[in-house]
Amino acid sequence: MLTPQSDCSSTLAEGFLTIDNGMLTGTESECRMTNQVDIRGMDGALFDMICTGEGTAWQERAIVMRGNEDELILVWNGFAFAYPACPVPPTRPRQRPAALGG
């Protein structure tokens, strides 16, 4: 669960999910996201998930989509979960180098 004290930089935090390079990674499992089918008229897609975790392997289909408040919505057969997004750190402009030979 994301709270104001959560460390969004830690991928090992309980209840956090990351999606990177076609992999959905959670606390004790990971799934390779394959065979993407975009869902017409929605900000989401259906995937075949090839998963491993807690000493076992399995395959499922899942819908992954962005929610109204930028959360990740993950739908497995019979289950739906909403995961709040970690805030994006503000981008600070780089300082300009001091003029040379002043």
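Let's start with a cysteine, everyone: cysteine 31 is buried, at a relative accessible area of 3%. Please keep in mind that what you see on the screen is a predicted model.

Who is the partner of cysteine 31 in the disulfide? That would be cysteine 51, with 2.1 Å from S to S. This partner is buried as well, as its relative accessible area is 1%. For anyone who likes cut-offs, buried means under 20% relative accessible area, so cysteine 51, at 1%, qualifies. If you were hoping for another disulfide, I have to disappoint you, since a search of the whole structure finds one. The link between cysteine 31 and cysteine 51 is right-handed, with 110° about the S-S bond. It connects distant parts of the chain: cysteine 31 sits in strand S3, residues 29–38, and cysteine 51 in strand S4, residues 44–53, which puts them 20 residues apart.

That brings me to the strands. We have an open sheet of seven strands here, with antiparallel pairing and the order S1-S2-S3-S4-S5-S6-S7. Which strands are at the edges? They are strand S1, covering 18–20, and strand S7, covering 79–83, and each of them pairs on one side only. From one strand to the next, the twist averages 30°.

Let me stay with S4 for a moment. S4 and strand S5, residues 56–66, run antiparallel and are joined by ten bridges. If you want to find a spot to look at on your own screen, try threonine 52, which stands opposite alanine 57 in S5.

Now, on to the aromatic rings. How many aromatic pairs does the structure hold? There are two. The rings of phenylalanine 79 and phenylalanine 81 have planes at 10° and centres 6.4 Å apart, so this pair counts as stacked. Phenylalanine 81 also pairs with tyrosine 83, and that pair is tilted, with 35° between the planes and 6.2 Å centre to centre. Put together, the ring pairs link Phe79, Phe81 and Tyr83 into a cluster.

And are these rings buried or exposed? Phenylalanine 79 is exposed, at a relative accessible area of 53%. Phenylalanine 81 is partly exposed, at 35%. Tyrosine 83 counts as partly exposed too, with 23% relative accessibility.

So, two places to revisit when you turn the model around yourselves: the disulfide of cysteine 31 and cysteine 51, and the cluster of Phe79, Phe81 and Tyr83. Thanks for listening!

Terms used: Residues numbered from 1 in each chain as written. Predicted model: local features only at pLDDT ≥ 70, side-chain atom pairs only at ≥ 80, totals over all residues. Heavy atoms only, no water. Disulfide = S-S within 2.5 Å. Helix = DSSP H or I, 4+ residues; strand = E, 2+ residues; numbered from the N terminus. Buried < 20%, exposed > 50% of the residue type's maximum accessible area, 1.4 Å probe, protein only. Phe/Tyr/Trp six-rings, centres within 6.5 Å; stacked < 30°, edge-to-face > 60°. Pairing = 2+ DSSP bridges. Axes fitted to C-alpha atoms, helices over the stretch in contact; angles between N-to-C directions.
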